[in-house]
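Biologist: I would like to learn how to read a structure like this one. Could you take me through a few features, please?

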There are 2 protein chains.
Amino acid sequence: MTLDDLPTPCLVLDVAVLTRNLALMQRAIARHPGVVLRPHMKTAKSRDVAALAAPDGGPITVSTLAEAAYFAEGWRDQIYAVGITPQKLDQVAALNAQGADIKVITDDIGMARLIATHPGGVRALVEVDVGEHRGGVPPADALPIAQAIGSRLAGLFTHGGHSYAGRDAATMERIAEAERAGVTRAAEMLRDAGLRPQIVSLGSSPTALHAKHLDGVTEVRAGVYMFGDLFQAQLGTHPQDDIAVTVLASVIGRRPAQGTILLDSGGLALSKDRSTQAAPKDYGFGLVLDMDARASFGEAIIIRTHQEHGEVSPGPMQLRVGDRVRVAPNHTCMTVAAHERYHVVDGSREVIAVWNRVNGW
Amino acid sequence: MTLDDLPTPCLVLDVAVLTRNLALMQRAIARHPGVVLRPHMKTAKSRDVAALAAPDGGPITVSTLAEAAYFAEGWRDQIYAVGITPQKLDQVAALNAQGADIKVITDDIGMARLIATHPGGVRALVEVDVGEHRGGVPPADALPIAQAIGSRLAGLFTHGGHSYAGRDAATMERIAEAERAGVTRAAEMLRDAGLRPQIVSLGSSPTALHAKHLDGVTEVRAGVYMFGDLFQAQLGTHPQDDIAVTVLASVIGRRPAQGTILLDSGGLALSKDRSTQAAPKDYGFGLVLDMDARASFGEAIIIRTHQEHGEVSPGPMQLRVGDRVRVAPNHTCMTVAAHERYHVVDGSREVIAVWNRVNGW
């Protein structure tokens with residue numbers, strides 16, 4: 001079977017590119033002796049990808065309890081990296097009772113007290129804010145929460161997600177250092193108070209690659225680096241050619257007078273994400289590539305999406321209805337989430353495998 | 001079971017509101033004797049909803065072949081309302097061979113010739129453009145395509161999707177009339193040439209409600225009216241209180257200093273759709289309602305989304321971690337697509353049923 005036989009729209013995953021991206025991150029982490037990579041499976045959500053990104057059941061990060069359950073058998077050591085609630089603490093405890101070792105995060109004193117007394121014995125990390133201002137307390141405020149967690153304290157956790165606003169290597173290095181300095185400062189304060197934060201965890205794909213040193217850190221989390229996208233390429237996470245996932249689409253209409261074509265990949269197949277709107281180069285809802293994933297149609301991008309229609313301008317008017325293209329995504333995490341499986345290729349058009357994903361919550 | 005027992009995030013469908021919205025559209029269509037409503041199932045994608053919106057196996061519209069197959073048993077008479085390709089024509093023929101009666105659309109002369117000679121005998125409508133400039137040929141250019149389809153011609157098809165840019169009833173009426181006039185003009189030209197377009201099909205939720213008359217039209221398609229959303233409310237499709245679907249979410253963090261709270265409904269649970277950006281009132285990524293779906297938190301909207309985090313500002317700071325809210329969607333078609341099922345309520349918090357959806361392609 002080749003890409004010409006697949007129903008469209010669907011996801012294509014090039015394992016040759018994936019392997020390159022994984023090696024790049026592994027080399028980046030290997031610069032820091034003693035630091036472990038805990039890949040974030042929120043993007044790929046696939047056991048087959050986890051087998052390559054976190055071999056030998058290595059530690060992983062998850063973003064939903066559906067992922068936690070799906071990965072639990074092969075990957076016991078997990079951090080569920082979204083602020084825990086009382087109800088979800090019960091769910092995590094139930095998964096751990098079946099053999100998983102899922103740790104949770106919190107920045108809330110009330111939750112910390114609940115974690116301390118929960119019969120499930122779930123361990124937790126205190127979430128620290130190092131500048132993103134999404135979740136987490138300032139490093140100086142981590143101690144009371146850690147004390148409330150008591151003997152269930154697993155460590156400290158932060159995410160330098162404001163790196164996504166960076167546009168050059170110097171800025172990325174600066175944010176990576178702020179991420180490291182913030183979380184290790186909190187760790188020092190905990191140690192000064194007699195606590196023992198075993199895990200000191202940080203990460204985002206850009207900061208993981210740009211960190212000069214990671215003294216005091218035990219592990220790095222990153223996810224989108226596996227697949228990459230048009231936005232991450234502009235952040236310098238990977239070369240533009242190293243986007244591992246594309247959406248296979250068919251031409252369903254042509255408007256020569258407008259110079260546009262219509263694809264059967266719309267807002268559902270591509271997502272409505274507009275990450276590149278704030279990037280130096282705006283790719284609309286995705287860049288249109290040929291069937292070998294080369295940019296041979298120049299600047300052809302998806303300028304408008306409807307639910308099942310994607311409008312391409314300037315349209316490669318040599319294409320006819322039924323011809324196929326591959327669309328590189330703006331934000332791969334959002335694009336892949338609408339699909340149930342990956343059609344895997346290895347640098348050619350031959351489909352060598354189908355890999356499943358776990359969607360939902 | 002009540003909404004307090006469900007894992008979050010998840011979809012809540014209030015069947016009381018759904019029933020009101022269905023009745024509103026049925027009354028609007030009943031103003032036009034001889035005109036049939038062909039509900040578009042692209043939003044709900046649920047047999048349980050179809051049983052209410054298209055009772056007795058009435059005609060429906062679908063946007064994917066996954067929907068076509070899923071609905072085929074109960075609803076034979078379908079239009080697949082996205083431009084057909086050669087490969088998908090084979091798939092439709094296979095479904096029809098099993099008992100369905102799925103009609104396809106095209107605006108392409110090459111496809112028209114393929115349809116004419118395809119062994120499956122699939123019938124087709126010519127797609128006409130009445131001002132949206134997405135798919136379709138101008139009304140004056142429909143004849144050669146209809147002639148190429150030959151004996152498989154089922155009729156004419158158009159979608160006044162540019163009604164979504166309208167902001168008042170007078171504009172909606174004008175676009176509705178342009179939609180009607182365009183497709184019926186094409187029908188006249190076909191009849192003058194001796195062809196017999198049996199179906200003359202048009203529609204969008206706003207034009208379906210605002211059309212003054214539908215002379216020459218045989219059927220109206222509409223979909224989003226069933227559930228509604230913050231964008232459609234501003235188009236006048238339904239009152240703001242009549243949004244049938246909300247996303248149930250839990251508070252996962254609080255930032256009193258910023259005056260914000262974090263929910264576990266992010267870009268995946270809500271979608272990245274920003275329809276209301278172009279509307280008079282911008283609701284960010286959704287409006288935060290209380291557990292009875294009332295706007296008792298004032299102007300609290302989702303101002304920022306990450307994959308699994310939704311940031312609410314101004315945050316209802318009385319809420320604690322684990323407390324629950326319901327989020328009204330910007331664009332319901334996009335929001336519901338990330339979810340596999342509806343948790344059905346009937347004006348209260350009690351969950352009376354779980355209805356499945358068909359996602360993917």
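Modeller: Let's begin with helix packing in this predicted model, where local features need pLDDT of at least 70, side-chain atom pairs count only at pLDDT 80 or more, and totals for chains, interfaces and linings use all residues. Residues are numbered from 1 along each chain as its sequence is written, while chains are lettered from A and ligands numbered from 1 in the order in which they are written.

Biologist: At what angle do the axes of helix H6 and helix H7 of chain B cross?

Modeller: An axis here is a line fitted to C-alpha atoms, for helices over the stretch in contact, and angles run from 0 to 180 degrees between N-to-C directions. Helices (H or I, at least four residues) and strands (E, at least two) are DSSP runs, numbered from the N terminus. In chain B, helix H6 (residues 142–149) and helix H7 (residues 169–192) cross at roughly 55°, and their axes come within 9 Å. Angles under 35 degrees count as roughly parallel, over 145 as roughly antiparallel, 65 to 115 as roughly perpendicular and the rest as oblique. H6(B) and H7(B) are therefore oblique to each other.

Biologist: Is the crossing of H6(B) and H7(B) left-handed or right-handed?

Modeller: A crossing is left-handed if the near helix is turned anticlockwise from the far one by less than a right angle, and right-handed if clockwise. The crossing of H6(B) and H7(B) is right-handed.

Biologist: Which residues make the contact?

Modeller: Two residues are in contact if their C-beta atoms, placed from the backbone, lie within 7 Å. H6(B) brings Ala142(B), Leu143(B) and Ala146(B), and H7(B) brings Ala186(B), Met189(B) and Leu190(B). By class, that contact has six nonpolar, no polar and no charged residues. For the classes, Ala, Val, Leu, Ile, Met, Phe, Trp, Tyr, Cys and Pro count as nonpolar, Asp, Glu, Lys and Arg as charged, and the others, Gly among them, as polar.

Biologist: And in chain A, how far apart are the axes of H6 and H7?

Modeller: Helix H6 and helix H7 of chain A have axes 9 Å apart and pack at an angle of about 55°. The crossing of H6(A) and H7(A) is right-handed.

Biologist: How is chain B laid on chain A?

Modeller: Two copies of a chain are related by a rotation about an axis and a shift along it. Here a turn of 180° and a shift of 0.0 Å along the axis lay chain B on chain A with an RMSD of 0.0 Å (superposed by least squares on the C-alpha atoms of residues with pLDDT of at least 70 in both). That is the relation of a two-fold axis. Of the residues of chain B, Lys272(B) comes closest to this axis, at 2.6 Å (C-alpha).

Biologist: How many residues does each chain give to the contact?

Modeller: Chain B gives 46 residues and chain A gives 46 residues. On the side of chain B, E10(B) gives the most, with four residues. That side divides into 15 nonpolar, 19 polar and 12 charged residues. The copies meet through the same surface, because 100% of the interface residues of chain B are also interface residues in chain A.

Biologist: Last one: which domains does chain A have?

Modeller: Domain bounds come from an automatic or database domain assignment. For chain A, the assignment gives domain 1 (3–12 + 244–356) and domain 2 (31–227). Their contact takes nine residues from domain 1 and nine residues from domain 2. On the domain 1 side, H11(A) supplies the largest share, three residues.
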